[in-house]
Amino acid sequence: MRAENLRILLADDHHMVREALTPYVQRVGAGVNVLHAGSFAQAHEQARRNAPLDMIILDLKMPGMDGLMGLRQMRAEFPNTPIVILSGSDDPEDVAESIRLGANGFIPKTMVGAALVTALKLVLDGERFVPAENRFGELGPSSRPRHESASRGHDVIGQLTPRQRAVLAELVEGYSNKEIAKRLAIEEITVKVHLQRVYKRLAVANRTQAVRRAMELGVKPR
């Protein structure tokens with residue numbers, strides 16, 4: 001992910017929502033320029049005028065979206081731009097259809113703070129993000145019951161040491177190894193050792209995968 005001088009379009013018909021979300025969107029990188037739009041027509045115009053953008057965030061219910069036709073149109077015109085759907089709910093059908101039509105992420109408006117920042121960073125890193133409760137059904141019905149996934153997640157996290165869980169929580173917050181070391185008052189090399197063990201326990205290969213897996217298992221930013 002290019003973490004500097006990003007240009008991100010935030011489209012929502014409520015001015016207060018845009019103002020509330022902008023500081024979090026700006027935290028995904030250094031010098032982020034957030035462009036605003038209050039309707040799909042405005043978003044479409046902004047996207048064309050400022051292409052290529054690093055990310056497009058579209059409110060599902062804003063004027064002009066026409067269900068998910070707006071997403072379909074944006075995806076067709078900007079095939080290489082990450083697109084995130086923003087919604088007042090996390091209805092499984094909306095999530096599944098958004099992903100099917102090419103959205104890289106689906107974020108409920110109830111998600112704020114570090115969790116929102118982390119979700120956007122995951123999308124910028126090439127990952128797909130959907131609410132944790134929708135993960136097993138994001139591409140269609142799943143035979144895996146939710147209580148089973150929650151139980152397994154609890155077991156995996158429970159196998160981590162308290163310090164490993166603390167390091168993982170800081171990772172989900174989006175902090176670097178150096179920042180984690182400072183926040184937990186430990187050496188940076190110790191952070192690296194803890195993360196290696198966390199990666200092994202979560203069966204992942206890198207930070208991005210670890211954050212995604214942790215959020216799937218219910219680890220919340222502190």
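**Entry 1: Leu168 and its surroundings**

I began with Leu168 in this predicted model. Leaving out residues up to four places away in sequence, I found that Leu168 touches Ile157, Leu160, Val198, Leu202, Ala210, Ala214 and Val219. Next I looked up the largest nonpolar core, which has 47 residues. Leu168 is among those with the most contacts inside that core, along with Ile57, Ile107, Leu120 and Leu202. Helix H5, residues 114-124, supplies the largest share of this core, with 8 residues. Another core lies apart from it and has 25 residues, including Ile56, Met62, Leu101 and Phe106. I noted a general point beside this: in soluble globular proteins, nonpolar side chains tend to be buried together.

**Entry 2: the whole chain**

I then stepped back to the chain, which has 10 helices and 5 strands. Of its 222 residues, 49% count as buried. I also looked at contacts between residues at least 6 apart in sequence, and 62% of them join residues at least 24 apart.

**Entry 3: Ile57**

I picked Ile57 from the list of core residues with the most contacts. I found Ile57 in strand E3, residues 55-59. Is Ile57 buried or exposed? Its relative accessible area is 4%, so Ile57 is buried, since the cut-off for buried is under 20%. Setting aside residues up to four places away in sequence, I listed what Ile57 touches: Ile8, Leu9, Leu10, Ala11, Val25, Val84, Leu86 and Leu120. I also checked Asp12, which is 45 residues from Ile57 in sequence, while their C-alpha atoms are 8.4 Å apart in space.

**Entry 4: Ser87 and Thr81**

I moved on to Ser87, in strand E4. Ser87 has 2% relative accessibility and therefore counts as buried. Not counting residues up to four places away in sequence, Ser87 touches Leu60, Phe106, Ile107, Pro108 and Lys109.

Thr81 is in the loop between helix H3 (69-77) and strand E4 (83-87). Its relative accessibility is 9%, so Thr81 counts as buried too. Apart from neighbours within four places in sequence, Thr81 is in contact with Leu53, Asp54, Met55, Ile56, Arg75 and Asn104.

**Entry 5: where H8 meets H9**

How do helix H8 (residues 177-184) and helix H9 (residues 188-202) cross? I found that their axes come within 8 Å and cross at roughly 105°. H8 and H9 are therefore roughly perpendicular to each other. On the H8 side, the contact is made by Asn177, Lys178, Ile180 and Ala181. On the H9 side, I wrote down Glu188, Val191, Lys192 and Leu195. Sorted by class, this contact has 4 nonpolar, 1 polar and 3 charged residues.

I also looked at the loop between H8 and H9, where Ala185 lies. Ala185 has 69% relative accessibility, so Ala185 counts as exposed. Its phi is near 60°, a positive value in a residue other than glycine.

Ala181 came up again when I checked Glu170, a residue of helix H7. Glu170 and Ala181 are 11 residues apart in sequence and 9.7 Å apart in space, C-alpha to C-alpha. With a relative accessible area of 3%, Glu170 is buried.

**Entry 6: helix H10**

Which residues of helix H10 (residues 207-216) are buried? My list reads Thr208, Ala210, Val211, Arg212, Ala214 and Met215. These buried residues pack against H5, helix H7 (162-173) and H9. Two of them, Ala210 and Ala214, I had already met as residues that Leu168 touches.

I checked both ends of H10. At the N-terminal end, Asn206 acts as a cap, with a side-chain oxygen 3.3 Å from the backbone nitrogen of Thr208. Just after H10, Gly218 takes a positive phi of about 95°.

**Entry 7: backbone details in two loops**

I looked up Pro52, in the loop between helix H2 (40-50) and E3. The peptide bond from Ala51 to Pro52 is cis, with omega near 0°.

My last stop was Asp66, in the loop between E3 and H3. Asp66 has a positive phi of about 50° although it is not a glycine. At 59% relative accessibility, Asp66 counts as exposed. Phe40 is 26 residues from Asp66 in sequence, and the two are 9.0 Å apart in space, C-alpha to C-alpha.

Terms used
Residues numbered from 1 in each chain as written. Predicted model: local features only at pLDDT ≥ 70, side-chain atom pairs only at ≥ 80, totals over all residues. Heavy atoms only, no water. Core = buried A, V, L, I, M, F, W, Y, C linked by side-chain atoms within 4.5 Å. Buried < 20%, exposed > 50% of the residue type's maximum accessible area, 1.4 Å probe, protein only. Helix = DSSP H or I, 4+ residues; strand = E, 2+ residues; numbered from the N terminus. Contact = heavy atoms within 4.5 Å. Axes fitted to C-alpha atoms, helices over the stretch in contact; angles between N-to-C directions. Parallel < 35°, antiparallel > 145°, perpendicular 65-115°, else oblique. Nonpolar A, V, L, I, M, F, W, Y, C, P; charged D, E, K, R; others polar. Polar contact = N/O pair within 3.5 Å; in protein donor to acceptor, adjacent residues only side chain to side chain.
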